[in-house]
Amino acid sequence: MELNEFIAQFAEQFDDTDASEINANTCYQDLEEWSSLISMCIIAFTKTSMGKSITGKEIRECKTVKDLYDLIQNK
């Protein structure tokens with residue numbers, strides 16, 4: 001999966017945050033809507049769409065959407 005596609009699918013996990021606010025450099029944990037529920041959605045999306053498993057701890061250790069993408073790509 002290319003980065004732009006990942007960003008688009010990542011942004012779909014948010015209900016109230018406009019997708020245009022999310023890019024590779026977005027610090028997603030700073031978004032007002034960020035929550036543990038969205039973190040769980042990201043884990044599920046990663047497993048179903050990319051076939052890779054990540055943990056909540058790994059999500060917390062990443063800062064930007066690009067950091068998360070790189071982590072998943074290197075699994």
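**Figure 1. Of the 75 residues of the chain, 43% count as buried.** This is a predicted model. The chain holds four helices and zero strands. Read from the N terminus, its elements follow the order α-α-α-α. The radius of gyration is 11 Å, close to the 11 Å that the globule rule gives for 75 residues, so the chain is as compact as a globular protein of that length. Along the principal axes, the C-alpha atoms fill a box of roughly 30 × 25 × 20 Å. The accessible surface comes to about 4,500 Å². Carbon and sulfur atoms account for 46% of that surface. Now take the contacts between residues at least 6 apart in sequence: 52% of them join residues at least 24 apart.

**Figure 2. The largest nonpolar core has 22 residues.** Which members touch the most other members? They are F6, F10, I22, Y28, W34, I42 and L68. Helices α1 (3-11), α2 (36-50) and α4 each supply at least two residues of this core. Helix α1 gives the most, with five residues.

**Figure 3. L68 is one of the core residues that touch the most other members.** What does L68 touch, leaving aside residues up to four places away in sequence? The list is F6, F10, Y28, I42, I54, I59 and C62. Three of these names, F6, F10 and Y28, also appear among the core residues with the most contacts to other members. I42 appears there too.

**Figure 4. E58 and K75 form a salt bridge.** Side chains of opposite charge can pair when their charged atoms come close. Here the closest N and O atoms are 2.9 Å apart. E58 lies in helix α3, while K75 lies in the segment after α4 (65-73), so the pair ties together parts that are 17 residues apart in sequence. Is each partner buried or exposed? E58 counts as buried, because its relative accessibility is 18% and the cut-off for buried is under 20%. K75 is partly exposed, with a relative accessible area of 44%.

**Figure 5. E61 and K57 meet in a salt bridge within helix α3.** The N to O distance is 3.6 Å. Both residues lie in helix α3 (residues 56-61). They are four residues apart, about one turn of the helix. E61 is exposed, and K57 is exposed as well.

**Figure 6. K66 and D70 meet in a salt bridge within helix α4.** Their side chains come to 2.9 Å, N to O. How many residues apart are K66 and D70? They are four apart, about one turn of the helix. K66 counts as partly exposed at 30% relative accessibility. D70 is also partly exposed, with a relative accessible area of 28%. The whole structure has three salt bridges.

**Figure 7. The whole structure has zero disulfides.** Why is C27 not bonded to C62? The sulfur of C62 is the closest cysteine sulfur to that of C27, yet the two are 11 Å apart, too far for a bond. A disulfide needs the sulfur atoms within 2.5 Å. C27 is partly exposed, with a relative accessible area of 34%. For C41, the closest cysteine sulfur is again in C62. That distance is 17 Å, too far for a bond. C41 is partly exposed, at a relative accessible area of 29%.

Conventions
Residues numbered from 1 in each chain as written. Predicted model: local features only at pLDDT ≥ 70, side-chain atom pairs only at ≥ 80, totals over all residues. Heavy atoms only, no water. Salt bridge = Lys/Arg side-chain N within 4 Å of Asp/Glu carboxyl O. Buried < 20%, exposed > 50% of the residue type's maximum accessible area, 1.4 Å probe, protein only. Core = buried A, V, L, I, M, F, W, Y, C linked by side-chain atoms within 4.5 Å. Contact = heavy atoms within 4.5 Å. Rg over C-alpha atoms; globule rule 2.2 N^0.38 Å. Areas by Shrake-Rupley, 256 points an atom, 1.4 Å probe, with all protein chains shown as cover.
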